[in-house]
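Q: Please take a close look at a single strand in the model below, and describe how it is set among its neighbours. I would also like to see where that part belongs in the chain as a whole.

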There are 2 protein chains.
Amino acid sequence: MTRQRLSLFDTTLRDGAQTTGVDFSLDDKRQIAAMLDDLGVDYIEGGYPGANPLDTAFFATRPDIRARFAAFGMTRRHGRSVENDPGVAALLDSRSDAVVFVAKSWDYQVRVALRSTEEDNLQAIAQSVAAAVARGKEAAVDCEHFFDGFKANEAYALACAKAALEAGARWIVLCDTNGGTLPHEIERIVRRVAEGIPGENLGIHAHDDTGQAVANSLAAVRAGARQIQGSLNGLGERCGNANLTTIIPTLLLKPEFSERFEIGVTLEKLTHLTRISHALDELLNRAPDRHAPYVGASAFATKAGIHASAVLTDSRTYEHVSPESIGNQRRVLVSDQAGKSNIISELARLGVALDKDDPRLSRLLEEVKLKEAQGYAYEGADASFFLLAKRIMGEAPHYFHVERYSVAVDRRFARNGGLEDAGAEAIVKLRVNGETRISAAEGNGPVNALDLALRKDLGSYQRFIEDIKLVDYRVRVFQGGTDAVTRVLVECADSKGERWSTVGVSANVIDASFEALIDAIVYKLLREGAKGDNSL
Amino acid sequence: MTRQRLSLFDTTLRDGAQTTGVDFSLDDKRQIAAMLDDLGVDYIEGGYPGANPLDTAFFATRPDIRARFAAFGMTRRHGRSVENDPGVAALLDSRSDAVVFVAKSWDYQVRVALRSTEEDNLQAIAQSVAAAVARGKEAAVDCEHFFDGFKANEAYALACAKAALEAGARWIVLCDTNGGTLPHEIERIVRRVAEGIPGENLGIHAHDDTGQAVANSLAAVRAGARQIQGSLNGLGERCGNANLTTIIPTLLLKPEFSERFEIGVTLEKLTHLTRISHALDELLNRAPDRHAPYVGASAFATKAGIHASAVLTDSRTYEHVSPESIGNQRRVLVSDQAGKSNIISELARLGVALDKDDPRLSRLLEEVKLKEAQGYAYEGADASFFLLAKRIMGEAPHYFHVERYSVAVDRRFARNGGLEDAGAEAIVKLRVNGETRISAAEGNGPVNALDLALRKDLGSYQRFIEDIKLVDYRVRVFQGGTDAVTRVLVECADSKGERWSTVGVSANVIDASFEALIDAIVYKLLREGAKGDNSL
């Protein structure tokens with residue numbers, strides 16, 4: 001049987017921006033677009049140019065992606081022509097490949113929310129689509145509230161979809177905007193729509209308000225739709241959008257879908273999915289959902305004794321797919337081969353060869369487990385993992401020894417509450433090249449001061465570290481309260497464009513930062529081939 | 001149309017105990033059983049008596065519940081008689097109303113995992129069920145791996161179900177043990193089974209490994225099954241069991257189900273569901289899922305300006321059911337995309353009335369936008385938003401004035417890198433009740449030390465703040481580098497169970513923490529009705 005192509009449309013950067021607690025920066029958007037493109041989605045919806053300065057800036061240059069870059073916005077407003085609508089102009093002028101117009105398709109909404117007429121709404125759809133096509137852009141129409149609209153006035157909902165198609169829209173996306181439609185209703189309605197509009201032009205946009213966004217998306221595909229809109233990790237307003245991190249493995253690994261459909265994500269890229277999912281959470285400083293299907297830390301975890309032995313005897317008993325296929329791993333309360341092979345492959349990626357029978361591998365595995373139990377996370381800190389391996393392999397030289405450091409923050413406030421004094425100080429005393437050196441620095445905050453003092457005078461090593469730039473610094477606190485365990489992730493870059501990440505863990509944010517900063521410096525020295533200090 | 005009765009079978013205390021990170025105490029089990037009973041489920045599966053001391057103790061006395069109390073365990077083992085099987089004896093001797101026998105129904109598993117024969121397995125099912133019935137207990141059989149078994153050997157899977165029914169089992173529960181079956185497969189297979197076994201004897205037990213446990217449960221009901229097994233908040237092994245917290249409102253509020261079925265949970269009890277869901281998380285010290293359908297804090301949250309005005313005009317646009325029906329509430333988020341309507345509705349939720357023509361509202365809106373541009377985020381910090389509003393309205397008294405604080409971290413390291421000295425110190429000097437007071441404290445880290453020093457002596461206000469507990473502390477850094485802007489979010493709770501969140505922003509993590517901690521204290525004083533200090 002010839003397999004049909006299913007299109008994946010990602011809205012992490014648009015509908016995902018509506019997630020409570022999520023605030024993308026421009027750099028976040030660029031990084032996420034690159035991650036999505038690498039994964040292999042077909043469309044990346046970047047935002048709503050013209051609606052806010054961030055999205056306008058993001059659409060001012062086209063990111064270097066293979067996927068189609070889509071801009072979202074409204075059809076021309078009631079009472080305006082397409083040419084005279086600044087919203088439409090912002091869409092057409094954006095550096096996008098595709099424009100997605102959101103349009104009402106529920107007659108009640110057209111009257112009440114738009115205060116427009118049914119006929120004008122149809123014209124707005126047709127004219128907006130035609131304008132985008134005339135500008136050489138692919139056009140899509142998100143039919144808002146389509147399912148509620150269809151139940152209320154089937155003919156009008158269908159007329160909206162037809163108007164879009166006839167004006168040249170590539171995709172007519174049926175949106176379950178308030179997320180309340182059930183899978184069997186979706187299936188029935190999409191089948192009806194597909195009688196008039198070819199399935200290869202139909203998309204589905206589902207929300208998780210009844211916990212069924214994934215089921216709704218797959219039901220629509222079974223009924224004929226050929227595009228799925230969703231987001232990484234199910235980001236999105238209220239309960240979130242359909243979770244592509246769940247849908248993609250289902251499409252690739254379940255024969256019911258993989259035998260009938262093909263998608264842009266390859267089986268090889270699928271093995272990156274767990275890492276990508278966690279990297280997104282890391283970027284947004286959200287705790288990953290341990291119980292997420294496929295990619296959650298517990299998705300292949302077995303706790304019960306009987307289940308654990310069963311899963312080791314025959315993994316099919318408690319694993320519906322293999323954890324390796326999505327780059328995840330089985331977790332059972334016994335030391336297992338899966339752990340070793342993961343470590344070997346991660347080391348190979350970092351250019352370190354270690355044989356699976358080398359006793360140092362078992363020690364590394366033990367150490368990683370011990371450290372992760374303490375709160376370390378090597379997934380987002382490959383330089384610290386590299387150093388840990390090098391230390392256990394006896395291949396990490398000593399360069400310098402910090403004897404002490406201290407940081408102080410002192411604040412005085414005026415009667416009106418204004419800050420009279422600002423800044424923080426740090427002192428670092430260390431031995432290097434057989435001498436003791438002491439450096440002090442002021443910074444905006446204690447960690448900045450410590451970082452500056454630490455990198456001020458490393459003796460003969462100073463020339464190797466001059467070009468280190470701290471590009472990211474993130475803090476996560478576990479177990480609640482200021483006395484909880486703090487994990488700091490630091491990302492550095494150098495003038496060659498290399499980037500590396502390190503991790504530190506402590507009850508104290510300063511200590512955790514110190515540990516990560518030291519790892520960042522030592523990693524750079526090691527990579528530069530600096531010789532160890534024999535006097536230490 | 002006469003509505004049919006659907007039975008709800010809760011397995012929070014049995015399958016839910018397999019959740020990674022969940023460890024019930026005996027008291028937890030008793031409290032959760034009481035919560036479930038109050039909600040109105042039909043069965044409460046308490047655990048596996050005989051398998052561990054906790055469950056044996058829990059089944060030694062019957063909890064005072066209206067629901068049927070069910071004990072879980074295996075059918076008699078291969079090579080033993082029912083009378084000589086201590087596992088079966090533990091079940092029959094337990095103070096349960098019902099016994100649930102888990103039985104293999106996949107021929108492959110019978111041979112490989114049980115090392116038994118197909119025929120002996122059928123006899124084990126029949127004899128075990130008969131023994132329970134003879135002891136006056138209701139019997140049920142969980143057919144493990146039923147769907148995989150059915151696909152592999154339909155006749156044998158059906159024979160297992162029939163053996164249970166003929167021996168007198170009240171319920172034959174079809175289990176999707178590894179969670180990999182898709183909704184349309186569930187529907188097709190349950191329909192086939194229901195041709196031979198009455199639907200009123202069929203149950204469904206689904207897991208969330210493809211994110212479709214809810215859809216799978218509802219598909220089974222549509223195909224004829226009349227019992228749903230699930231857990232509160234979707235607790236359970238790996239990705240969890242079918243989430244009753246999602247299924248119950250769907251059954252009660254969606255006409256597709258509510259017109260055809262009735263359940264033991266009333267509409268009145270449904271309004272307690274959000275509270276029950278959060279209380280369970282509280283008991284287990286888990287962070288509630290903000291995005292959970294129906295009961296999540298964000299389930300009815302709207303962020304975007306256009307959506308916000310639409311949802312306030314006509315709630316149907318973005319609300320598929322009314323938040324009040326499950327005891328949840330609408331939240332219109334205050335963010336830089338906010339308009340006046342967002343702010344008014346958020347203020348109203350916090351008990352502050354402000355007219356839309358009041359000039360202070362425009363000032364508040366300006367101030368929110370300015371602060372958010374600096375990095376503040378009020379959508380996760382309602383107490384800071386409340387204080388900001390009160391300050392602009394001139395209704396925030398002055399309680400105390402911090403004149404200065406200082407924090408210091410001092411570290412010395414041994415030659416081997418080991419830390420010789422740990423801890424951090426803080427000093428806070430403040431004016432309160434016309435006097436200057438100075439307090440010092442040690443903590444695990446600088447923020448903890450500052451928090452302790454700050455709350456050590458607030459003079460006459462001390463009694464109001466004694467019961468403040470810091471329950472969460474989060475840090476996010478923007479714009480990269482240790483000299484970037486740091487946002488700290490602090491969540492506090494008091495002995496009344498009230499929770500409030502505050503925010504602080506600075507280049508310095510200590511200053512940002514200080515600001516959030518001060519807001520947390522001032523909010524509490526304001527809520528307690530403490531009088532301002534006129535000497536300031």
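A: A residue is called buried here if 20 or more other C-beta atoms, placed from the backbone, lie within 10 Å of its own. By that criterion 52% of the 536 residues of chain A count as buried in this model, which is a predicted one.

The part chosen for the close look is strand S3 of chain A, residues 43–47. Five of the five residues of S3(A) are buried, so the strand is largely enclosed by the rest of the structure.

On one pairing, S3(A) is joined to strand S2 of chain A, residues 7–10, in the parallel sense over two bridges, and within this pairing Phe9(A) stands opposite Tyr43(A). The connection between these two strands involves helix H1, residues 26–39 of chain A, and S2(A), H1(A) and S3(A) together make a right-handed β-α-β unit.

The other pairing to describe is with strand S4 of chain A, residues 68–74, which runs parallel to S3(A) and is joined to it by four bridges. Here Glu45(A) of S3(A) stands opposite Ala70(A) of S4(A). Helix H2, residues 53–58 of chain A, takes part in this connection, and S3(A), H2(A) and S4(A) make a right-handed β-α-β unit as well.

As for the wider setting, the domain assignment of chain A gives domain 1 as residues 4–265, domain 2 as 305–380 and domain 3 as 401–527, and the C-alpha centres of domain 1 and domain 2 lie 39 Å apart. A UniProt annotation from an unreviewed entry, "domain: Pyruvate carboxyltransferase", covers residues 6–271 of chain A. Over that annotated stretch the chain is 42% helix and 17% strand, with the end C-alpha atoms 20 Å apart. For chain A as a whole, the secondary structure comes to 20 helices and 16 strands, while the C-alpha trace spans about 85 × 70 × 40 Å along its principal axes. Among contacts in chain A between residues at least 6 apart in sequence, 66% join residues at least 24 apart.

Strand pairing also occurs between the chains, where strand S11 of chain A, residues 401–412, runs antiparallel to strand S13 of chain B and is joined to it by nine bridges. In that pairing Tyr405(A) stands opposite Arg411(B). The contact between the two chains takes 91 residues from chain A and 92 residues from chain B, and S13(B) gives the largest share of chain B's side, twelve residues.

Notes. Residues numbered from 1 in each chain as written. Chains lettered and ligands numbered in written order. Predicted model: local features only at pLDDT ≥ 70, side-chain atom pairs only at ≥ 80, totals over all residues. Contact = placed C-beta atoms within 7 Å. Pairing = 2+ DSSP bridges. UniProt positions renumbered as here; feature names shortened; annotations may be inferred. Domains from an automatic or database assignment. Buried ≥ 20, exposed ≤ 12 C-beta atoms within 10 Å, placed from the backbone. Right-handed = clockwise from strand over helix to strand, strands pointing away.
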